[in-house]
Amino acid sequence: MQHIDSITAEPIVAAKVWCIADFCSQHRLDSKEQAKLTALFGEFATISELVHNVTRRSRSR
């Protein structure tokens with residue numbers, strides 16, 4: 001049997017999960033984009049999943 005010191009063990013980092021509707025409202029995404037993200041992930045997703053799957057609009061004038 002091996003003893004593991006709880007102080008020196010690596011802490012487990014939890015991933016932050018967002019509600020897709022809240023994410024879309026904060027980032028001013030339209031309902032079409034919200035529907036796409038909801039179809040991909042359901043009601044909740046990690047911030048990394050959301051950021052990497054948002055369609056970016058061009059910023060040309």
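**From the core outwards**

At 3% relative accessibility, Phe23 counts as buried. This is a predicted model, and Phe23 is a good place to enter it. Two topics meet at this residue: an aromatic pair and a nonpolar core.

Take the aromatic pair. A search of the whole structure finds one. Its members are Trp18 and Phe23, with ring centres 5.8 Å apart and planes at 80°. Planes over 60 degrees apart count as edge-to-face, so the pair of Trp18 and Phe23 is edge-to-face. The two partners differ in exposure: Phe23 is buried at 3%, whereas Trp18 is partly exposed, with a relative accessible area of 25%.

Now the core. Nonpolar side chains tend to be buried together in soluble globular proteins. Here, the largest nonpolar core has eight residues. They are Ile20, Phe23, Cys24, Leu29, Leu37, Ala45, Leu50 and Val54. Which element gives this core its largest share? Helix 1, residues 20-26, does, with three residues.

Cys24 is one of the core residues. At 1% relative accessibility, Cys24 is buried. Leaving aside residues up to four places away in sequence, Cys24 touches Leu29, Gln34 and Leu37. Leu29 and Leu37 are also on the core list.

A cysteine raises the matter of disulfides. A disulfide is a covalent bond between the sulfur atoms of two cysteines. How many does the structure hold? The count is zero. Why does Cys24 have no bond to Cys19? Cys19 carries the closest cysteine sulfur to that of Cys24, yet the two lie 8.8 Å apart, too far for a bond. The cut-off for a disulfide is 2.5 Å. The view from Cys19 matches: its closest cysteine sulfur is in Cys24, at 8.8 Å. Cys19 is partly exposed at 21%, while Cys24 is buried at 1%.

Turn next to charge. Side chains of opposite charge can pair when their charged atoms come close. One salt bridge turns up in a search of the whole structure. Lys36 and Glu33 form it, with their side chains meeting at 3.3 Å, N to O. A salt bridge requires these atoms within 4 Å, so the 3.3 Å between Lys36 and Glu33 qualifies. Both residues sit in helix 2, residues 31-41. Lys36 and Glu33 are three residues apart there, so about one helical turn separates them.

Is each partner buried or exposed? Lys36 counts as partly exposed, at 32% relative accessibility. Glu33 counts as buried, at 10%.

Glu33 has further partners. Its side chain reaches the backbone nitrogen of Thr55 at 2.9 Å. Beyond residues up to four places away in sequence, Glu33 touches Asn53, Val54 and Thr55. Of these, Val54 belongs to the nonpolar core. So Glu33, in helix 2, has a salt bridge to Lys36 and contacts with residues 53, 54 and 55.

Back in helix 1 is Asp22. Asp22 is partly exposed at 46% relative accessibility. What distance separates Asp22 from Gln34 in space? Their C-alpha atoms are 9.8 Å apart, with these positions 12 residues apart in sequence numbering. Gln34 is also among the residues that Cys24 touches.

Past helix 1 comes a loop. Arg28 is found in the loop between helix 1 and helix 2. Its phi is near 55°, a positive value in a residue other than glycine. Arg28 is exposed, with a relative accessible area of 73%.

Finish with the segment before strand 1. Strand 1 spans 17-19, and Lys16 is found in the segment before it. Lys16 is exposed, at 64%. Even so, Lys16 touches Ala45, Thr46 and Ile47, not counting residues up to four places away in sequence. Ala45 is on the core list. Lys16 and Asp5 are 11 residues apart in sequence, and 27 Å apart in space from C-alpha to C-alpha.

Ile4 lies in the segment before strand 1 as well. Ile4 is exposed, at 62% relative accessible area. Its C-alpha atom is separated by 31 Å from that of Thr46, 42 residues apart along the chain. Thr46 is one of the residues that Lys16 touches.

Conventions
Residues numbered from 1 in each chain as written. Predicted model: local features only at pLDDT ≥ 70, side-chain atom pairs only at ≥ 80, totals over all residues. Heavy atoms only, no water. Helix = DSSP H or I, 4+ residues; strand = E, 2+ residues; numbered from the N terminus. Buried < 20%, exposed > 50% of the residue type's maximum accessible area, 1.4 Å probe, protein only. Phe/Tyr/Trp six-rings, centres within 6.5 Å; stacked < 30°, edge-to-face > 60°. Polar contact = N/O pair within 3.5 Å; in protein donor to acceptor, adjacent residues only side chain to side chain. Contact = heavy atoms within 4.5 Å. Core = buried A, V, L, I, M, F, W, Y, C linked by side-chain atoms within 4.5 Å.
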